[in-house]
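Trainee: Could you take me through one part of this model slowly, with a close look at how its aromatic rings pair up and what surrounds them?

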Amino acid sequence: MADKTPLLVVGDALLDRDLSGSADRLAPDAPVPVVAECAERVRPGGAALAAYLAARDGREVTLVAGMGDDAASRELRELLEPWLTLIPLPLTEPLSEKTRVLAQDRPVVRLDRGGGHVGDATDAARAAVRDAPAVLVSDYGRGAADALRDVLAERPPLVWDPHPRGGPPVPGTRLVTPAEKEAHGFAPPDGDPPGTLRAAARNAAALVRAWRAAAVAVTLGSRGALLSYGEHPLLVPAPAAHHGDSCGAGDRFAATAAGLLADGALVGEAVEGAVAAASAFVAAGGAGAVPRPDARPTPTPPPDADDPHALAARVRAQHGTVVAAGGCFDLLHAGHVGLLQAARRLGDCLVVCVNSDASVRRRKGEGRPVNPLADRIRVLRALACVDAVAVFDEDTPERLLADLRPDVWVKGGDYAGAELPEAALLQEWGGQAVLLPYLDGRSSTALMARAAEGVR
């Protein structure tokens, strides 16, 4: 897109290959699985993947990376050339290749070959760094970032994605994006066990100071990312937890963050966007599902994360369970929150169906709702257990449910013994209506009564 800032990616390109098949027996000569009927898929890897993803986002991209005359380099060039401008750096050996063997879409073994390392920078690469409006460094420890370290220090990059084999980012980098284990390895030891938020926060703050970076975002996988400017961290949770193939998610995170920063986003906004993009990337199948270079990008924008119908369709496409719950949610209280948290645990997403203002008035009488629809939606969306909110204007949500077609419809236990007209509707597509326990004594009406009594 013409309004997106061009991006320069500096780093170490790899050629990634997946051999994917099925395994239902062990080899007769060794206790190892036999992976049969393998299909081969080749794609860019490392810095080349980050650059390729940014280019598929509709951004003008230039990649400065090691590239030789070997077969792997030639194959990678063919994948990249239709999408971006390549400025090669000389390699000492053939380009590094990573081959994964997968059975039933799960890795069995990885084979690495090629030890190509960048020795020197070229004048063309130095000029590209100096002239670039925005730079992402994707350092996989094979020499590209180190060869250009002096010129990168003159104009610190927007984002530096580090690797344990590489050197530290140059001082002044706006955002550094280590993974959780990487951050723990980079930071000075202090006895905190890895894997806790406390450790991630301590490591991020220590790295802000050690690297003299403006900010460090430690990526936490399905938990999101923890952003630190050196003091109190900001936890940016993933919109949904996906446990699929996470290969390439770090490249997706870094490319998105760099693009957003280049376009003028604040660091916090860029990290939020990057978390959402990485989460969607894993949900779609990770690097193994990256579109082939000969597949043109779709002209339609990605679906709105807040669109309940698009959300339900995506979850169903991934064979997940769509849960819906409904109510007025006028004065949100502990009973509501407990119900919604329990509902979310029943499936892979939760859509809350909320009555419109007119619907609430018909049900509750004049003076209700106390909070208008926009406020009620905002409060519901702020709950981590709520993935989307849908509004219905009728007295009951049957028409909305017929469009959403959830697998599970949840009502509070205070409906026990009452007829649930939605139950028969859910059966039409194989869904199930269920009741969940409600906390006794909690209701919007009771809250209003106590508030009025307090005023008197």
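**Aromatic pairs and the turn after helix 7**

Mentor: Because this is a predicted model, please read what follows as a description of a prediction, and let us begin where a helix gives way to a loop. R212 is found in the loop between helix 7 (197–211) and strand 11 (216–219), and its phi is near 55°, a positive value in a residue other than glycine. With a relative accessible area of 58%, R212 lies over the 50% cut-off and therefore counts as exposed.

Helix 7 also holds W211, which at 8% relative accessibility is under 20% and so counts as buried. The ring of W211 pairs with that of F186, and because their planes stand at 65°, which is over 60, the pair is edge-to-face, with the centres 5.3 Å apart. F186 lies in helix 6 (residues 180–186), so the pair ties together parts that are 25 residues apart in sequence. At 26% relative accessibility, F186 counts as partly exposed.

In this model the count comes to two aromatic pairs, and the other one joins Y52 and W83, again edge-to-face, at 5.8 Å centre to centre and with 85° between the planes. This pair links distant parts of the chain, since Y52 sits in helix 1 (residues 47–56) and W83 in the loop between helix 2 (71–80) and strand 5 (85–89), 31 residues apart. Both Y52 and W83 are buried.

Notes
Residues numbered from 1 in each chain as written. Predicted model: local features only at pLDDT ≥ 70, side-chain atom pairs only at ≥ 80, totals over all residues. Heavy atoms only, no water. Helix = DSSP H or I, 4+ residues; strand = E, 2+ residues; numbered from the N terminus. Buried < 20%, exposed > 50% of the residue type's maximum accessible area, 1.4 Å probe, protein only. Phe/Tyr/Trp six-rings, centres within 6.5 Å; stacked < 30°, edge-to-face > 60°.
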